[in-house]
Structure formats: C-alpha cells, structure tokens
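Got your viewer open? Here is a short selection-by-selection walk for you to follow.

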Amino acid sequence: MAAAARYDVEQGGRGGEGKYRPPPPEQMYPQREREREWVPWFVPVVVAVNIALFAVVMYVNNCPAHAASTRRGGGGACVARGFLHRFAFQPLSENPLLGPSSAALQKLGALVWDKVVHESQGWRLLTCIWLHAGVVHLLANMLSLVLIGLRLEQQFGYVRIGVIYIVSGVGGSVLSSLFIRNNLSVGASGALFGLLGAMLSELFTNWTIYSNKAAALVTLLVVIAINLAIGILPHVDNFAHIGGFLTGFLLGFIFLMRPHYGWMQRYVRPSDIKYTTKKYLPYQWVLLAVASVLAVLGFAVGMGMLFKGVNANDHCQWCHYLSCVPTSRWSCGK
C-alpha cells in the first residue's frame with residue numbers, strides 16, 4: 001500500500017496534478033500580522049459637513065436682505081443674486097473669496113479673540129475650523145483634505161486621523177488667538193497642516209519601513225515649506241497653520257507609530273537570520289514619550305496664556321512676520 005501510494009504521488013508529480021503547493025502565508029503563519037487597510041469615511045463626512053455648514057452660513061448671511069442697509073452710496077451689489085437669491089455672495093469688494101459677510105461668520109462661530117477671552121466663548125476654538133470665508137477658501141481646503149486625509153485614513157483608521165485633525169485644528173486656533181486680536185479667523189487650514197505635520201513625524205518614527213527615505217523626506221518638506229510660505233501673504237492666518245502643524249507633528253509620534261521593519265518581516269526571513277522580538281524599537285518609545293510631554297505642556301501653557309489675555313506679540317517682537325511680510329505691493333495692517 002505504501003509503495004502504491006508513493007507511486008501515485010510520483011505519477012501525479014510527473015503530470016503536474018499532484019505537485020505539492022505550499023499554503024499561503026496567512027495559513028502557514030496564522031499569527032502573522034498584516035497591515036489593515038481601512039475604508040475611509042471620516043474624511044468624506046468632514047467634507048460633507050463643511051459644505052453643509054457653508055450653505056447654512058450663506059442662508060443666514062442672506063445678502064439680498066441686508067444689502068439695502070449695508071450698502072453705502074453706490075457700493076457693490078450681491079454676487080449672483082439673480083439665481084442664488086438668498087444664498088448670493090457678498091460684494092467682491094467686501095469678500096473676494098465669494099462668501100458671506102464677517103458678521104455672519106462671527107454669528108455662527110468664527111474665532112474672535114475678544115469673545116473667546118472676555119465673553120468665555122472658548123467653543124469658538126473648535127467651531128471656527130468648520131467654517132470658511134468663501135467658495136474659493138472651501139474648495140481649496142476640501143481638495144487638500146481629500147488628497148491628504150484619504151490616504152492617511154486608509155493606513156491608520158478614522159479614530160487616530162480624526163483625533164489628529166480635530167486637536168490640530170484647536171491647536172492652530174490657540175496659537176492664532178495668542179497673536180491675532182483684531183481679525184476673525186475661520187477655516188480648516190490648521191487641521192490640514194496638522195495632518196501634514198503628522199505625515200512628517202510618521203516618516204521619522206517609522207523610518208525603518210520606508211525604502212526611499214530621502215525622496216519621501218525631501219518631497220514632504222518641500223510641500224510643507226511651500227504651504228507655509230503662502231501663509232506670509234496678507235489676509236492668511238499663518239499662525240493657525242503653524243500651530244496646527246506643530247500640534248499634528250507631536251501627535252503623529254503618539255498615534256502613528258508602526259512596528260519596525262524587522263518585526264513585520266520576521267516570518268519571511270530565512271530561519272538562520274535573527275530578528276528582535278520587540279515590536280517597536282526603543283527610539284520610537286522615546287519619541288512618543290517626548291512628544292506626549294511637549295503636547296500636554298504646549299496646550300496647557302497656550303490655553304493658560306490665552307484665557308489670561310496674554311498678547312504673545314509682547315513676548316516675541318518679530319513673530320508677526322511669520323504671518324505676513326509687508327512689501328511694496330501690500331501692507332499687513334496692524
């Protein structure tokens with residue numbers, strides 16, 4: 001019987017039908033970890049909420065109804081009043097971004113230093129990241145969110161990316177309030193820069209799993225530098241960008257740490273090659289600990305300074321240049 005069985009196997013082997021085929025890796029190594037790819041839904045929901053809230057702001061704004069009382073001596077008329085009716089945009093002389101008035105934005109939660117500090121409306125630090133100054137502003141931010149956020153959410157899931165997005169937005173609002181007192185601020189830019197900062201720290205903390213490290217680092221730094229450089233133009237709140245970026249950079253070390261390359265490849269390496277039994281490397285834990293301490297201290301100090309009414313410009317005479325650099329073509333105002 002044994003000889004016949006061996007003969008059958010050999011015969012099958014010659015014809016190819018009985019050739020041994022190893023099972024797939026997930027059956028050979030059921031304990032092997034495979035990176036999960038998430039189906040993104042947080043980013044699409046955020047985009048939908050921002051669009052819906054912009055429609056709400058335009059409804060409340062109601063440019064045609066307020067045009068008669070606010071227009072002075074031949075001022076501009078509402079844009080696209082003929083077919084948008086109540087949702088018509090403010091005159092371009094008032095809002096070139098095709099959007100509502102500053103009064104409507106302030107009414108629905110824009111970031112205003114005086115109301116946050118003197119009227120205890122700290123909730124504006126959060127609500128302002130869901131509002132936008134106009135269609136141009138909204139489209140630019142939502143396109144950036146889709147391009148950046150979808151990939152991150154696929155890799156890390158909605159919980160971690162959601163926390164980074166929202167907390168970075170608040171971090172940007174805090175830094176903006178410390179330096180800008182006379183202008184209101186709206187937009188998701190701080191939260192978006194938080195995702196960029198998290199991408200950079202994720203590259204550092206997961207350095208071992210990247211093959212083209214230099215190319216990835218240079219590309220990311222160039223993108224960040226260009227976006228920060230745009231922030232020195234007038235009417236752009238670069239402090240929100242910087243605050244969001246720094247917050248996201250620290251949170252990336254905390255939430256986006258992944259197992260190192262040796263751990264992820266431990267089942268496909270030859271048996272004679274030794275690998276570490278630790279899932280994360282020591283430097284990853286050090287970065288996580290340092291980032292955690294800095295993030296907590298940063299928020300504590302920033303919030304404390306803000307609600308005490310501290311003007312950060314008094315402690316940094318040159319910092320205003322980080323948000324606007326005056327030239328012969330434009331001024332930055334007070």
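The tour goes from a surface patch to the cavities and then to the salt bridges, and keep in mind that this is a predicted model.

**Stop 1: the surface patch**

Start by selecting W41, V45, V49, Y158, V159 and V163, and switch on a surface. Together they make up a nonpolar patch, with about 480 Å² of accessible area. Now colour helices α3 (42-61) and α10 (158-179): each of them supplies at least two residues of that patch. Which helix gives the most? That's α10, with three residues. If you'd like one residue to centre the view on, try V159, which lies in α10.

**Stop 2: the largest cavity**

Next, hide the surface and look inside. How many cavities of 30 Å³ or more are there? The count is two. For the largest, select L111, V112, W113, S176, S177, I180, N183, L184 and S185, which line it. The space in there comes to about 40 Å³. Colour the lining by residue class and you'll get five nonpolar and four polar residues, with no charged ones.

**Stop 3: the second largest cavity**

Move on to N50, L53, F54, V57, W130, L131 and H132, the lining of the second largest cavity. Its volume is about 30 Å³. By class, five of the lining residues are nonpolar and two are polar, and again none is charged.

**Stop 4: the salt bridges**

Time for some charged side chains. The model has two salt bridges. Take R258 and E202 as sticks: their side chains meet in one of these, at 2.9 Å from N to O. This pair links distant parts of the chain, 56 residues apart, with R258 in the loop between α13 (238-255) and α14 (261-264) and E202 in helix α11 (residues 189-205). Are these two partners buried or exposed? R258 has a relative accessibility of 10%, so it counts as buried. E202 counts as buried too, because its relative accessibility is 3%.

Last selection: K115 and E119. They form a salt bridge in which the closest N and O atoms are 3.6 Å apart. Check the accessibility of each partner here. K115 is buried, since its relative accessible area of 18% falls under the 20% cut-off. E119, on the other hand, has a relative accessible area of 39%, so it is partly exposed.

Conventions. Residues are numbered from 1 along each chain as its sequence is written. This is a predicted model: local features need pLDDT of at least 70, side-chain atom pairs count only at pLDDT 80 or more; totals for chains, interfaces and linings use all residues. Side-chain values use heavy atoms; hydrogens and water are left out. Patches are made of residues with over 30% relative accessible area and no salt bridge: like charges are joined within 9 Å, nonpolar side chains (Val, Leu, Ile, Met, Phe, Trp, Tyr) within 5 Å. Accessible areas come from the Shrake-Rupley method with a 1.4 Å probe; for residues, only the protein chains shown count as cover. A salt bridge is a side-chain nitrogen of Lys or Arg within 4 Å of a carboxyl oxygen of Asp or Glu. Helices (H or I, at least four residues) and strands (E, at least two) are DSSP runs, numbered from the N terminus. On a 1 Å grid over the protein atoms alone, a cavity is a set of points where a 1.4 Å probe fits but cannot get out, and a pocket is an open set with protein on both sides within 12 Å along at least five of seven lines; lining residues have an atom within 4 Å of a point. Grid points are joined across faces, edges and corners, and a volume is the space filled by probe spheres set on the points. Ala, Val, Leu, Ile, Met, Phe, Trp, Tyr, Cys and Pro count as nonpolar, Asp, Glu, Lys and Arg as charged, and the others, Gly among them, as polar. Buried means under 20% relative accessible area, exposed over 50%, partly exposed in between (1.4 Å probe, protein chains only).
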